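Visitor: I should like to learn how to read the features of a protein model. Could we work through one together?

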Amino acid sequence: MVLLAVGVTCAVVAAAAGGYLYGHRTSATATHAAGATGAARSAPAAARPYQLTAPKSVLSGAYVVDPEMTPPASETDVRDYAALGIANPVPVSVAYKSASTASKQTAQLTGAWGTISDPEKAVDRHFAKSARDNAATPNGGAALVGSPQTMHPSGLGDAVMKCQNLRVKLGSGHTVTSPVCAWADHSTFGVVMVFDPASLRNGGAGVSLGENADTAARIRNDARVPR
């Protein structure tokens with residue numbers, strides 16, 4: 001399951017060095033404007049069709065593909081994305097790690113491309129399904145906190161983006177919180193989770209919603225290419 005399933009989240013946590021939740025903070029200055037949780041916009045107009053790719057590096061080469069953490073495609077992915085309102089979805093999933101060996105910062109992109117008639121509805125369905133799936137998992141170690149917030153990071157263009165915090169219980173007994181952002185336009189849908197292990201040491205909060213939204217918008221621009 002690619003929609004924030006607890007199993008995927010806990011696998012990332014278990015693999016993190018030192019028992020931390022994997023983390024990433026973009027090295028560039030965040031371009032997310034203050035007050036990004038403003039009123040929801042109307043659905044963007046249809047534009048040139050794009051596809052979603054998994055480039056070998058993103059963020060100007062600061063992050064490179066991490067094959068060991070990239071989850072394999074699931075037989076249910078196409079069905080899940082179709083349920084969000086994506087016609088003929090082609091799933092994409094890739095994990096990135098810092099190109100610097102001195103850093104353990106990471107980012108994960110999952111999503112699909114196809115035809116999306118209502119981008120905002122696709123994002124809302126994603127968060128609603130994620131909340132249901134996590135709540136239905138026995139002894140679940142992850143839960144979405146609060147409600148999704150509409151974000152307007154620089155460079156988002158014609159997409160709708162919403163972000164929400166994800167709280168994860170670690171085996172050590174600590175609880176960590178890290179944001180997740182989902183975007184949709186009329187061609188692509190993506191979910192980006194960014195993690196900073198240093199800030200999550202021994203439990204705590206990771207990057208802010210605004211920082212995660214900024215990075216998600218930049219990764220979107222790197223991963224989208226015209227069909």
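**Reading a network of charged side chains**

Guide: Let us begin with a salt bridge: in this predicted model, the side chains of D185 and R220 form one, with 2.9 Å between N and O. The two partners come from distant parts of the chain, 35 residues apart: D185 sits in the loop between strand 8 (175-184) and strand 9 (188-195), and R220 in helix 4 (residues 209-223).

Visitor: Are D185 and R220 buried or exposed?

Guide: Both D185 and R220 are buried. For D185 the label follows from the cut-off, because buried means under 20% relative accessible area and D185 has 1% relative accessibility.

Visitor: With which other residue does the side chain of D185 meet in a salt bridge?

Guide: D185 also forms a salt bridge with R224, at 3.2 Å from N to O. This pair again links distant parts of the chain, since R224 belongs to strand 11 (residues 224-226) and lies 39 residues from D185. R224 counts as buried because its relative accessibility is 15%. Salt bridges with shared partners join D158, D185, R220 and R224 into one network.

Visitor: How many salt bridges does the structure hold?

Guide: There are six salt bridges in the structure. Another of them joins K129 to D133, whose closest N and O atoms are 3.5 Å apart.

Visitor: Why are K129 and D133 separated by about one helical turn?

Guide: The general idea comes from helix geometry. An α-helix has 3.6 residues a turn, so residues three or four places apart point the same way. In this case, K129 and D133 are separated by about one turn because they are four residues apart in helix 3 (residues 119-136). K129 has 18% relative accessibility and therefore counts as buried.

Visitor: Which other residue of helix 3 may we examine?

Guide: R125 also has its place in helix 3. With a relative accessible area of 37%, R125 is partly exposed. Beyond its neighbours within four places in sequence, R125 is in contact with A83, L84 and G85. The C-alpha atoms of R125 and L84 are 5.7 Å apart in space, although these residues are 41 apart in sequence.

Visitor: How should I check the length of a helix, for instance helix 4?

Guide: One compares an expected span with the distance between the end C-alpha atoms. The 15 residues of helix 4, at 1.5 Å a residue, should span 21 Å, and the end C-alpha atoms are 21 Å apart, so the two values agree.

Visitor: How many of the residues of helix 4 are buried?

Guide: Eleven of the 15 residues are buried, so that helix 4 is mostly covered. Among them are L209, N212, I219 and R220. R220 is the residue that we met earlier as a partner of D185.

Visitor: Let us turn to the strands. In which sense do strand 7 and strand 8 pair?

Guide: Strand 7 (residues 160-169) and strand 8 pair in the antiparallel sense, over ten bridges. One position to follow is W183 in strand 8, the bridge partner of M161. On the side of strand 9, W183 has G190 as its bridge partner. Strand 8 and strand 9 also run antiparallel, joined by five bridges, and a hairpin of three residues connects them. Strand 8 is mostly covered, with nine of its ten residues buried.

Visitor: Which residues does the disulfide join?

Guide: The structure holds one disulfide, and it joins C163 to C181, with 2.0 Å from S to S. The angle about the S-S bond is 105°, and the link is right-handed. C163 lies in strand 7 and C181 in strand 8, so the disulfide ties together parts that are 18 residues apart in sequence. C163 counts as buried because its relative accessibility is 0%, and C181, with a relative accessible area of 0%, is buried as well.

Visitor: Which elements of the chain have the lowest and the highest mean pLDDT?

Guide: Helix 1 (residues 6-15) has the lowest mean pLDDT, 41, and strand 1 (residues 50-52) the highest, 97. Over residues 1-45, pLDDT stays under 50. For the chain, the mean pLDDT is 77, and 73% of the residues reach 70 or more.

Key:
Residues numbered from 1 in each chain as written. Predicted model: local features only at pLDDT ≥ 70, side-chain atom pairs only at ≥ 80, totals over all residues. Heavy atoms only, no water. Salt bridge = Lys/Arg side-chain N within 4 Å of Asp/Glu carboxyl O. Helix = DSSP H or I, 4+ residues; strand = E, 2+ residues; numbered from the N terminus. Buried < 20%, exposed > 50% of the residue type's maximum accessible area, 1.4 Å probe, protein only. pLDDT = per-residue confidence, 0-100. Contact = heavy atoms within 4.5 Å. Expected span 1.5 Å × (residues − 1). Pairing = 2+ DSSP bridges. Disulfide = S-S within 2.5 Å.
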